[in-house]
Each structure stands twice: as C-alpha cells, then as structure tokens.
Amino acid sequence: MKLEVNNLSFKYLNSRVIFDQVNFELEKGQILSVLGPNGAGKSTLLNCIGNLMTPQKGKIRLNGEAVDKMPPKKVAQRIGYVPQIHIPTYEYTVREFVVMGRTPYLGKMRSPGDADYEQVERALDMVGIKHLIEKPYTQISGGERQLVTIARAIVQEPDFILLDEPTAHLDFGNQIKTMRLVKKLAENGFGIIMTTHNPDQVFYTGGFVALLDRQGKLHCGVPEDILTEP
Ligand code: ADP
Ligand code: ADP
C-alpha cells in the first residue's frame, strides 16, 4: 500500500502560498516527520492528506487511486487522523471515545457491537493503556489522552496514520512514550506521517523527514541530507 502526493499546492483565501508543488511518497511501515516552524503550514498539509481540506492543485493517491474520487468514508478507513489532543465537553469514557473511531465502518445506521468493542480493547492494548478503558476521558492525564487519541485512529485499522504534533503538550517522559509508540506502530505495518517543530524527535523515530520552508517548498529525504547545513 502506497500513499503518493503529487504537485500538491495550497493557499487560504488572502493568505500567502502555504505549500507549493509538494511531492513525496510513503509506503506502509515507513515514518515521515514533517518539520517546520510554527505557522509553516504543517497542519494544513496534514489536513489535505487526510482529505479534511481540499488543495487547489495536485493529487493524492492511495495505491494509485485518487483520494478525491474515492468516497470520503473509504478514505477515512484507509487514513486515520490524530488531531492535537483536546478535552471534549461530554464525559465520554475511554471506551466510548475510542469506539467513535469505528464510525467510518459503522455509518449512521449501525451502533457499535461486540466486534467493535473487541477492536477497542485491541487498540488500547496496542498503545499500552487497556487499564484505562472505563475511565472518563476528562479525568486522564495529558499523556494518556494522547495515547487514547491514537487508539481512536488505529481502531479502524487504517493503512496510514496522520499525527498532528503528537508531543505538543506533553512533558519529556510522555514525549518519549509517544515516540516509542509511533515506532512500534510503524513496526506493526502502519505508515506514519507526523508533524513536529522539534527536529530532535527524528532521533527517536528515524525514517524520512520533510522540511516545509516559508516559501512553501517541501524538502524531503533522509535526515542527514535534509537537516545538514550546506
Ligand atoms: P503549522 O501547523 O505549521 O503551525 P498551519 O498549517 O496551522 O501551520 O498554518 C499555516 C499558515 O496558514 C499560518 O500562517 C496560519 O496563520 C495560516 N492559516 C491557518 N488557517 C487559516 C485560515 N483558515 N485562513 C487563513 N490563514 C490560515
Ligand atoms: P500530565 O502531566 O500528563 O498533564 P495530569 O496532571 O493531567 O498529568 O494528570 C496526572 C494524574 O491525575 C493522571 O494519572 C490522571 O489520571 C489524574 N487526573 C487528571 N485529571 C483528573 C481529573 N479531572 N480528575 C481525576 N483525576 C485526574
């Protein structure tokens, strides 16, 4: 399974060009870290790849199939999106929060069943927090919330997972836990794209980097090439 991004360009109404003719490809099991300063456009790029925003130009393909021609539900099944963590208004338990990740499979008409809740347990086990399953999401720590949010993305068994600044609000210990998990997910065959403004994270995750500059150019490759001053 391959994710291909070709000539992708984006600007907001009245904004500068956020990214311009971006190209890269990623296979399952690989990690790509999208690096750049705050405001560079990393989240915007991730949103476009996750089919949450529409780029003005370019194509995203999953195994050769154009994502904008696929039913959005099918795209959501193949590409899991992990937004920055937030605290929801309602008192969901971890189980209820994670089962929401099954929505692309369930549709509007079907409620989650036993098989879906078994998937929830498997996902929580994979991220190492099965013991929190009955806890209200609002009562777990920031680090735990990040892991639960990742579980919600993998519960639908996607091929690719997009993580938006997964370590942004975490202390150093929880940053390391999250980065170890990202590595484990890649070893389990998920393709990972994550954004970060911290180049140090590449030490933990390895893989490829894509540096988004202020001109909207994306420089992709191995860290030794991309992060070394010429
Ligand atoms: P990053 O994730 O790298 O911090 P973002 O993708 O969030 O960057 O934002 C990129 C740029 O686009 C920023 O300058 C931001 O202010 C701008 N921006 C974000 N959303 C909008 C919007 N809805 N309309 C106009 N400009 C936006
Ligand atoms: P972090 O350093 O990750 O931000 P927190 O200070 O948020 O950690 O949480 C520390 C511990 O307190 C966690 O084990 C969490 O389960 C518990 N906790 C957090 N928020 C609440 C809450 N609203 N009610 C009860 N326990 C909470």
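Buried here means under 20% relative accessible area. The model is predicted. This briefing covers helices α7 and α1, and the packing of α5 on α7.

**Helix α7: length and ends**
- Helix α7 runs over residues 172-187.
- At 1.5 Å a residue, its 16 residues should span 22 Å; the end C-alpha atoms lie 23 Å apart, so expectation and model agree.
- At the start of α7, D171 places a side-chain oxygen within 3.2 Å of the backbone nitrogen of G173.
- G189 follows α7 and has a positive phi, near 105°.

**Helix α7: burial**
- The buried residues in α7 are N174, Q175, I176, T178, M179, L181, V182, L185 and A186.
- Strands that help cover them include β3 (31-35), β7 (160-163) and β8 (191-196).
- Helices that help cover them include α5 (114-127), α6 (142-154) and α8 (201-205).

**Packing of α5 on α7**
- Two packed helices are described by the angle between their axes and the distance between the axes.
- For α5 and α7, the axes come within 10 Å and cross at roughly 120°.
- That crossing makes α5 oblique to α7.
- On the α5 side, the contact involves D125, M126 and V127; on the α7 side, L181, K184 and L185.
- By class, the contact residues are four nonpolar, no polar and two charged.
- L181 and L185 of α7 are in this contact and are also buried.

**Helix α1**
- Helix α1 spans residues 42-49 and is mostly covered, with seven of its eight residues buried.
- Those buried residues are K42, T44, L45, L46, N47, C48 and I49.
- Just after α1, N51 adopts a positive phi of about 70°.

Notes: Residues are numbered from 1 along each chain as its sequence is written. Chains are lettered from A and ligands numbered from 1 in the order in which they are written. This is a predicted model: local features need pLDDT of at least 70, side-chain atom pairs count only at pLDDT 80 or more; totals for chains, interfaces and linings use all residues. Side-chain values use heavy atoms; hydrogens and water are left out. Helices (H or I, at least four residues) and strands (E, at least two) are DSSP runs, numbered from the N terminus. The expected span of a helix is 1.5 Å times one less than its number of residues. Buried means under 20% relative accessible area, exposed over 50%, partly exposed in between (1.4 Å probe, protein chains only). Contact means heavy atoms within 4.5 Å. A polar contact is a pair of N or O atoms within 3.5 Å; within protein, one must be able to donate a hydrogen and the other to accept it, and residues adjacent in sequence count only if both atoms are side-chain atoms. Axes are lines fitted to C-alpha atoms, for helices over the stretch in contact, and angles run from 0 to 180 degrees between N-to-C directions. Angles under 35 degrees count as roughly parallel, over 145 as roughly antiparallel, 65 to 115 as roughly perpendicular and the rest as oblique. Ala, Val, Leu, Ile, Met, Phe, Trp, Tyr, Cys and Pro count as nonpolar, Asp, Glu, Lys and Arg as charged, and the others, Gly among them, as polar.
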